[in-house]
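Subject: Structure handover

Hi,

Here is the structure I promised to pass on. My notes follow below it.

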Amino acid sequence: MTINIQPLAGLTETQRLGLRDVLVDVSNARAWSWELPVLLRNRCWLRLDRIQLNQLLRYIPPDGRDEAPELTHYQQLIAEGSDPLLAQQRCWQEFGMDDCQRALHEYWQSRDNTNHGWTAQRYRELVSLYREHIEQGVATVPMLVLARQETTEKHQIHWITETTPVKGSADTKPCCC
């Protein structure tokens, strides 16, 4: 995975000016809100979209299948030293065999489809950190640099502030999307 240490490299002048407006809006926000902006950067289409935080789940649904209660309970039992077969039987008793098998099937199926590292945990971390920044009075906006299609890259999260570097030639790899 290529890590772009200068997330604004390659943006157009219009996009950079739009960033200034986004930061002004965040600076003027008086309190935390789910309506605060999030930036989505699609390098393949040279797009920089502004959405509200409450729309992020719809644009990029996180993969939370590995956090299914049936699987987390099984993993907890194993971590506590239970025999795997006994742990499985206990989960079947508590959740039902069908639900356990469904959770396991969805977990393995999700491993076949790349989610570019966008998990429910990363989503929650983004929201938590964003809220923390706003409550501390720090004007910052998360920008998700979307992974290129048909790759194993992860979506990158960058926090844009007034001091984020603009110049540079980082991430100039041609895109064949």
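Helices here are DSSP runs of H or I with at least four residues, strands are runs of E with at least two, and both are numbered from the N terminus. On that basis the protein reads α-β-β-α-α-α-α-α-β-β along the sequence. That comes to six helices and four strands. Please keep in mind that this is a predicted model.

**Overall numbers**

The protein has 177 residues, and 35% of them count as buried. It exposes about 11,100 Å², with carbon and sulfur atoms supplying 50% of that area. Take the contacts with a separation of 6 or more: 63% of them join residues 24 or more positions apart.

**The sheet**

The four strands form an open sheet. Their order is β2-β1-β3-β4, and the pairing is mixed. Which strands stand at the edges? They are β2 (47-52) and β4 (156-160). Each has a single partner strand, so one side of each is left without a neighbour in the sheet. On average, neighbouring strands are turned by 25 degrees against each other, direction ignored.

Strand β1 covers residues 37-42. Six bridges join β1 to β2, and this pair runs antiparallel. Proline 37 has glutamine 52 of β2 as its bridge partner. Asparagine 42 is bridged to arginine 47, also in β2. The hairpin of β1 and β2 has four residues between the strands. Leucine 46 in that hairpin takes a positive phi near 50 degrees, so check it if you look at backbone torsions. On the other side, three bridges join β1 to β3, and these two run parallel. Leucine 40 stands opposite leucine 144 in β3. Is β1 enclosed or open? Five of its six residues are buried, so β1 is largely enclosed by the rest of the structure.

**Helices on the sheet**

Helix α1 (residues 13-28) lies across β1, β2, β3 (141-145) and β4. Helix α1 runs at about 15 degrees to β2. Helix α6 (residues 120-135) also packs on the sheet. It touches β1, β3 and β4. The direction of α6 makes about 5 degrees with that of β4.

**The core**

In soluble globular proteins, nonpolar side chains tend to be buried together. The largest nonpolar core here has 28 residues. Which of them touch the most other members? They are Leu53, Leu56, Tyr130 and Leu144. The elements α1, β1, β2, α6 and β3 each supply at least two residues of this core. The largest share, five residues, comes from α6.

Tyrosine 130 has a long contact list, given here without residues up to four places away in sequence. The list is Val26, Trp32, Leu36, Pro37, Val38, Leu53, Thr140, Val141, Pro142 and Trp159.

**Proline 7**

Proline 7 lies in the segment before α1. Proline 7 is buried, with a relative accessible area of 5%. What does it touch, not counting residues up to four places away in sequence? The contacts are Arg41, Met143, His158, Ile160 and Thr164. Proline 7 and leucine 144 are 137 residues apart along the chain, yet their C-alpha atoms are separated by 9.5 Å.

**Histidine 73 and the cysteines**

Histidine 73 lies in helix α3 (residues 69-79). It is buried, with a relative accessible area of 16%. Leaving aside its neighbours within four places in sequence, histidine 73 is in contact with Arg90, Cys91, Glu94 and Phe95.

How many disulfides are there? The count comes to zero. Cysteine 91 is in no disulfide, and the nearest cysteine sulfur, that of cysteine 100, is 5.3 Å away. A disulfide needs the two sulfur atoms within 2.5 Å. Cysteine 100 is in no disulfide either. Cysteine 91 is buried, with a relative accessible area of 2%. Cysteine 100 is buried as well, at 10%.

Best wishes

Methods. Residues numbered from 1 in each chain as written. Predicted model: local features only at pLDDT ≥ 70, side-chain atom pairs only at ≥ 80, totals over all residues. Heavy atoms only, no water. Buried < 20%, exposed > 50% of the residue type's maximum accessible area, 1.4 Å probe, protein only. Contact = heavy atoms within 4.5 Å. Areas by Shrake-Rupley, 256 points an atom, 1.4 Å probe, with all protein chains shown as cover. Pairing = 2+ DSSP bridges. Axes fitted to C-alpha atoms, helices over the stretch in contact; angles between N-to-C directions. Core = buried A, V, L, I, M, F, W, Y, C linked by side-chain atoms within 4.5 Å.
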